[in-house]
Amino acid sequence: MTRGRDGGPQAPPAKQRALLAAVVAAILAVSAAIYVGAGVGDGDGARERGGLAGGHDARNNPAAPASTGTWVGSWATSPAGGEPGTETTGLAGRSVRNVVHTSAGGTSARVTLSNLYGQSPLTVTHASIAVSAGTGTAAALAETVRPLAFAGSPAVVVPAGGEVVSDVVRIAVPHDGDVLITTYSPTASGPVTYHPHARQISYVADGEHTRDATGAAYTGQSTSWRYVTALDVLSNEADGTVVVLGDSLTDGVTSTVGANNRWPDVLSDRLRSAVADGRDVPRYSVVNEGISGNQVLADGRGRPASNPSGLNRFERDVLGRTNVEVVVVVLGINDILRHPGVADPDVIVAGLEELVSRGHARGVRVVGATLMPFRGHRGYTDAREVVRQRINAEIRAGRVFDAVVDFDEGLLDPYAPRRFRSEYDSGDHLHPSDKGYARMAEVFDLDDLKGGAPARL
């Protein structure tokens, strides 16, 4: 079920406007303190200009392909913190082979590497990209292994707090497939910037094995993504990118590892199938910017903050993605659960409205989701349920987003509407099962991806 922004009252109440102003002022002040002095590649400029790396425009690289198509995000993830245990040596002397699952396919690719949480420069002397030889393996299809370069060099130094984008490389990236992105650093650099809860097995090898097609050297395994934060492709399949900004419900916590059953994965499959069937829906890729535990308003600890709030990471993780056309916001439940008392629903709604405002300022359409039930979870209280219901009422009334996907209605038990329907519950009464994640994608009306942001008056 969807409801458009135009169907609701014209303006938020005065109290909400005042709260919004206060929230915005506080967030902007915190953002300035946290992100001042951020490193190379920060923000949205690099990807929007076609992939700058160390001042080099990959589109002007004489080795770059002369293909046609549109640059879109095929896969992305949010750097969420520094990996525990890597503070001193990082992953020096090891090859890190990240397995990432694509949305759109393409004829060329470029990769973003992040050292956002590093305390010293990260030296990468070798990096590569390849198509995986199959599911659950570190092996690559030998004919697809390509070295990555940065401003024409095989090596790059990523400053602490910064990121770099590789030069464009010609490679046939499949849609709905696994790609291997491998890096090697010979020197100590930590902490390692990572994304936990990947729901995907990646691999580690001692020594430099970035161009190995066989997976024999990759005896170590990891359930995190390290360093890599984006894979862009030059695609004839997609005309733009949908970014899903969310928490663990988007991250896919409790979904089957390696099965790509996160709901944005299923949404991507639905959208591609609808286009293939000739339906009048946009040709978009879908990338997942979920961080488990994420909130609209509050950051995690540290400088830069681990698990930065939706407000603090919106420019980086949404507007900084390639050719973004739509953002889907699935946030708010952790603002309720992690508040020490009873959260103020008006303040949370004001934060959501600020996300919409920032999206509209860049011409991005913003679709939002209702908050799903969680009775039976250890954090449930009747008071928190009242907050959830009040936020959902504002969202459903069309006063927040351009369109609404009603995950609450789609997954609740009709006989006990404060709970998940049993087959959609993973068992913890907060996160869906694989079937529940599929249901989330199924209730999403693909027509809600049509159109842009409302015109600014």
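**Exercise 1. Determine which residues F444 touches once its neighbours within four places in sequence are left aside, and place F444 in the core around it.**

Leaving those sequence neighbours aside, F444 is in contact with W263, L267, R270, V328, V367, V405 and L449, where contact means heavy atoms within 4.5 Å. The model is a predicted one, in which local features need pLDDT of at least 70 and side-chain atom pairs count only at pLDDT 80 or more, whereas totals for chains, interfaces and linings use all residues. Residues are numbered from 1 along each chain as its sequence is written, and side-chain values use heavy atoms, with hydrogens and water left out.

The next step is the core itself, a nonpolar core being a set of buried Ala, Val, Leu, Ile, Met, Phe, Trp, Tyr and Cys residues joined through side-chain atoms within 4.5 Å; buried means under 20% relative accessible area, exposed over 50%, and partly exposed in between, with a 1.4 Å probe and protein chains only. The largest such core has 64 residues, of which W263, F407 and F444 touch the most other members. Strand β21 (residues 324-330) gives the most to this core, with 6 residues; strands here are DSSP runs of E with at least two residues, and helices are runs of H or I with at least four, both numbered from the N terminus. A second, separate core of 32 residues includes W75, V156, V164 and I171. In soluble globular proteins, nonpolar side chains tend to be buried together.

**Exercise 2. Establish which strands pair with β21, and in what sense.**

Begin with burial: 6 of the 7 residues of β21 are buried. Two strands pair if DSSP finds at least two bridges between them. Strand β19 (residues 240-246) pairs with β21 in the parallel sense over 6 bridges, and G246 stands opposite V330 in β21. Strand β22 (residues 365-369) also pairs with β21 in the parallel sense, over 4 bridges, with V326 standing opposite R365 in β22.

**Exercise 3. Classify the ring pair formed by F374 and Y380, and say why it is classed in that way.**

Rings of Phe, Tyr and Trp (its six-membered ring) pair if their centres lie within 6.5 Å, and planes under 30 degrees apart count as stacked, over 60 as edge-to-face and the rest as tilted. A search of the whole structure finds 4 aromatic pairs. The centres of the F374 and Y380 rings are 5.4 Å apart and their planes stand at 65°, so this pair is edge-to-face. F374 counts as buried because its relative accessibility is 0%, and Y380 counts as buried because its relative accessibility is 14%. Elsewhere, W263, F407 and F444 form one aromatic cluster.

**Exercise 4. Decide whether T250 is buried or exposed, and describe its surroundings.**

T250 is found in helix α3 (residues 248-251). With a relative accessible area of 0%, T250 is buried. Although T250 and P264 are 14 residues apart along the chain, their C-alpha atoms are separated by 7.0 Å. Leaving aside neighbours within four places in sequence, T250 is in contact with V244, R262, W263, P264, N288, G290 and V330.

**Exercise 5. Work out the strand order of the open sheet that contains β14, and identify its edges.**

Three strands form this sheet in the order β4-β14-β17, with antiparallel pairing. The edge strands are β4 (81-82) and β17 (225-226), each of which pairs on one side only. Between β4 and β14 (residues 193-195) there are 2 bridges, and the bridge partner of G81 in β14 is Y194.
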